[in-house]
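Colleague: Please take a close look at one part of this structure and tell me how it sits among its neighbours. A connected account would suit me best.

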Amino acid sequence: MGKRKSRTGMTGLSRFISALNEGESGTQPSISTNSVDSAASAHEQNDFTMKEVNGETNTDSASAPISTSVATISKKQKIIPHYDATGLVPTYTNEAMVPDHLKKYFSQRTRYFSLYDTPPGCLLDEEGWYSVTPERVANQIAERCRCDVVLDAFCGVGGNTIAFAKTCERVIALDTNPTRLALARHNAQIYGVADRIEFIQADYISFARAYLSSFSTPSPSSNASTPPRNKTRKIDVVFLSPPWGGPSYLSGSPSHDIVNNVAKDNLPQTDGQDSHPTYSFSSIQPIHGKDLFTLTRRITSNIAYYLPRNTDLPEISDLLNATDDHGRSVKLSGERIEVEEEWMGSKLKALTCYFGGLVAGQEDLFSR
């Protein structure tokens, strides 16, 4: 599969896996295209490359039904459903409405979503306010991940998902929380990209195992001499942005009760950042960060891993020393890691680690 092909949409893990097995009979969804141009560079350091990117703008709720209507896209006379999640979470239009503990995030709302005030208005739940990736950072990552099919494994309220829909042909957006998934779809519609995204309520670990299993299961008509079915719907890139442990991640190892309920934090940078304890992969949820990487590596070698700014660099380097279930190394011949620093003004926000063909200078690894 090439890097720039089709866009479409679908619903549900079962339909996605079913489509994998029906691809040979011509049941692929309809296609439209779009493209965005940009570039990236880096300088080498030890076993991996470090890069700085500067961007100036950058609680679970009970599940509730989403109101729907039908909108006509006059350009192609295509009928699509319209999803409005207003009412699922509080909508803040001015600072006086915002709880004190969220005011510092509300002041940065247009860094998170530049179209925040565009009717009916972008929506974030409490976790979304401190876990969404700033828009310009998300756009930078999406440009680096340009491909046919990208999987956003922990999509949250859709910051990265929306950015991927601008550079990739199809986006698969997963989240376990139905309300948060509804907010992501709502926000994607404000940006006009919802039709390019497949929103799936699923646990990433279960999804990954089901996806991998679909390729190892012979087709009903196969026999011992028939090779397994071809991968008809290949995922080219996986973006991993798992829960970090919320605001407590800067303390090194977040407490268990916070880890289970809070995703990565976008707190403004404070002075003395070097004094923060080193963040370990053992604090990542839902499984150890290295195990999460190893599982993902079975899907594709092209991974973008979004991590806290105080992540232990030797642990990042050690990811390529992992082995799969058969004891085989996950490292490709000559492969390096590229670590990109994500900045907002003078404040370092996070690290994005690129693997496989996403690394500058080893694009030849993209299809391996």
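**Strand 6 and its surroundings**

Modeller: At a relative accessibility of 6%, Cys 155 counts as buried, since the cut-off for buried is under 20% relative accessible area. Keep that cut-off in mind for what follows. The model is a predicted one. Its protein chain has 11 helices and 11 strands, and 53% of the 368 residues count as buried.

The part to look at is strand 6, residues 170–175. In this strand 6 of the 6 residues are buried, so strand 6 is largely enclosed by the rest of the structure. The side chains can be sorted by direction. Arg 170, Ile 172 and Leu 174 point one way from the strand, while Val 171, Ala 173 and Asp 175 point the other way. Both sets are buried, Arg 170 and Asp 175 included.

Next come the strands that pair with strand 6. One of them is strand 5, residues 149–152, which runs parallel to strand 6 and is joined to it over 4 bridges. Within this pairing, Val 150 has Val 171 as its bridge partner. Val 171 is thus described twice: it is a bridge partner, and it is buried, pointing to the side shared with Ala 173 and Asp 175. The chain gets from one strand to the other by way of a helix: strand 5, helix 6 (residues 159–167) and strand 6 form a right-handed β-α-β unit.

Strand 7, residues 197–201, also pairs with strand 6 in the parallel sense, here over 5 bridges. Asp 175 has Gln 201 of strand 7 as its bridge partner. Between these two strands the chain passes through helix 7, residues 178–190, and this β-α-β crossover is again right-handed.

Now the cysteines. The structure holds 0 disulfides. Cys 147 is therefore in none, and the nearest cysteine sulfur, that of Cys 168, lies 3.8 Å away, whereas a disulfide needs the two sulfur atoms within 2.5 Å. Cys 147 is buried, with a relative accessible area of 0%.

For a buried residue in a loop, take Asn 310, found between strand 9 (303–308) and helix 11 (313–318). Asn 310 has a relative accessible area of 10%, so this residue is buried too. A polar atom of its side chain lies 2.8 Å from the backbone oxygen of Pro 277.

To return to strand 6: it is a buried strand, paired in the parallel sense with strand 5 and with strand 7.

Key:
Residues numbered from 1 in each chain as written. Predicted model: local features only at pLDDT ≥ 70, side-chain atom pairs only at ≥ 80, totals over all residues. Heavy atoms only, no water. Buried < 20%, exposed > 50% of the residue type's maximum accessible area, 1.4 Å probe, protein only. Pairing = 2+ DSSP bridges. Right-handed = clockwise from strand over helix to strand, strands pointing away. Polar contact = N/O pair within 3.5 Å; in protein donor to acceptor, adjacent residues only side chain to side chain.
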